[in-house]
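Student: Walk me through this one, please. Keep it brisk.

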Amino acid sequence: MQRPPFLEPNSFFFWKSRFETYVKSKYIDLWQVNQNGNFYFEVQDEETKLMKEMPYELLKDVKKKQLGKNKEAKMTIYNALPRKEYERVFMCKTAKEDWHTLIITYQGNSQVKNCKIDLLTQEYERFSILNEETIDSGFTRFNAIVTSLKSLDPDYSSKNHVRKFLCALPLKWRSKVMAIKEAKDLATLLLDELIGNLKVYKMVLDNDVVASNTTK
């Protein structure tokens, strides 16, 4: 990918994760600028003895390149934004300010963020799969909740996703759920592996129904 992922305002949590991964994989220094602010170098004024910004001509090549990262970090963010979002941040002086503005706009301050986490946690706890819903559809909804929680709270983790998804299945899956619990160690079973197992089982069931109808 030659350019960063394009921001989709309605899917900010997903874009945020992808953008962070993109920047870190390409230019780790740029991510430091986003998080910590511009590279800045000072020197003591001979007359006032106060610290001032070091003149560019006195900088060594390494420091000059680091200063260039300040502009590069801003350009990386700009390249990921549609015009409306660019107009929201173009007055910001640093990439850190750009990033903070986007976070506040779509994620909110700490109070709003905590409220969203609480709502998502409640949604996770109440999650269930409808009787007529497919495994893919249920997994998509479930994964959206988990991903959003992880985006809002980097420290969020749960080893109960597999158990939670099994409990959310409708009653018609009870025999399969019991078989999985007896045959698998849920503490080590990956969620993707579980989804694949359930989809294969559903294909077998559908095939049996077709064969039964054909026989009749």
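Student: Val33 first: buried or exposed?

Tutor: Val33 has a relative accessible area of 1%, so it is buried. Buried means under 20% relative accessible area, exposed means over 50%, and partly exposed lies in between (1.4 Å probe, protein chains only).

Student: What kind of model is it, and what are the ground rules?

Tutor: The model is predicted: local features need pLDDT of at least 70, side-chain atom pairs count only at pLDDT 80 or more, and totals for chains, interfaces and linings use all residues. Residues are numbered from 1 along each chain as its sequence is written, and side-chain values use heavy atoms, with hydrogens and water left out.

Student: Where is Val33 found?

Tutor: Val33 is in helix H2, residues 28-36. Helices are DSSP runs of H or I with at least four residues, strands are runs of E with at least two, and numbering starts at the N terminus.

Student: Which residues is Val33 in contact with?

Tutor: Outside its neighbours within four places in sequence, Val33 contacts Asn38, Phe39, Lys69, Asn70, Ala73, Ala95 and Lys96. Contact means heavy atoms within 4.5 Å.

Student: How are the C-alpha atoms of Val33 and Leu59 separated?

Tutor: By 19 Å in space, with their positions 26 residues apart along the chain.

Student: Ala73 and Ala95 were in that list. Which residues of H3 meet H5?

Tutor: On the H3 side, Ala73, Lys74, Ile77 and Tyr78; on the H5 side, Ala95, Asp98, Trp99 and Leu102. H3 covers residues 61-78 and H5 covers residues 95-107; they pack at about 30°, axes 8 Å apart. Axes are lines fitted to C-alpha atoms, for helices over the stretch in contact, and angles run from 0 to 180 degrees between N-to-C directions.

Student: What do you call that orientation of H3 and H5?

Tutor: H3 and H5 are therefore roughly parallel. The classes: under 35 degrees is roughly parallel, over 145 roughly antiparallel, 65 to 115 roughly perpendicular, and the rest oblique.

Student: How does the H3 contact with H5 divide by class?

Tutor: It has 6 nonpolar, no polar and 2 charged residues. Ala, Val, Leu, Ile, Met, Phe, Trp, Tyr, Cys and Pro count as nonpolar, Asp, Glu, Lys and Arg as charged, and the others, Gly among them, as polar.

Student: Where is Thr94 found?

Tutor: In the loop between helix H4 (83-89) and H5. Thr94 has 15% relative accessibility, so it counts as buried. Beyond its neighbours within four places in sequence, Thr94 contacts Asn38 and Lys74.

Student: Switch to Leu7. Where is it, and what does it touch?

Tutor: Leu7 sits in the segment before H1. With residues up to four places away in sequence left out, Leu7 touches Phe12, Trp15, Ala80, Leu81, Pro82, Glu85, Leu102 and Tyr106. Leu7 is buried, at a relative accessible area of 2%.

Student: Several aromatics there. How many aromatic pairs in the whole structure?

Tutor: A search finds 15. Rings of Phe, Tyr and Trp (its six-membered ring) pair if their centres lie within 6.5 Å; planes under 30 degrees apart are stacked, over 60 edge-to-face, and the rest tilted.

Student: Why is the pair of Phe12 and Phe13 edge-to-face?

Tutor: Because their planes are at 65°, with ring centres 6.5 Å apart. Both Phe12 and Phe13 are buried. They belong to one aromatic cluster with Trp15, Phe19, Trp31, Trp99 and Tyr106.

Student: Which helices does the pair of Phe142 and Phe165 link?

Tutor: Phe142 is in helix H7 and Phe165 in helix H8, 23 residues apart. Phe142 and Phe165 pair edge-to-face, 5.5 Å centre to centre with 75° between the planes. Both are buried.

Student: At what angle do H7 and H8 pack?

Tutor: About 135°, with axes 12 Å apart; H7 is residues 135-152 and H8 is residues 161-168. H7 and H8 are therefore oblique. Their contact is made by Ile135, Gly138, Phe139, Phe142 and Val146 of H7 with His161, Lys164 and Phe165 of H8.

Student: And how do the axes of H1 and H7 cross?

Tutor: At roughly 60°, and the axes come within 9 Å; H1 is residues 12-26. H1 and H7 are therefore oblique as well. The contact uses Phe13, Phe14 and Lys16 of H1 and Ala144, Thr147, Ser148, Ser151 and Leu152 of H7.
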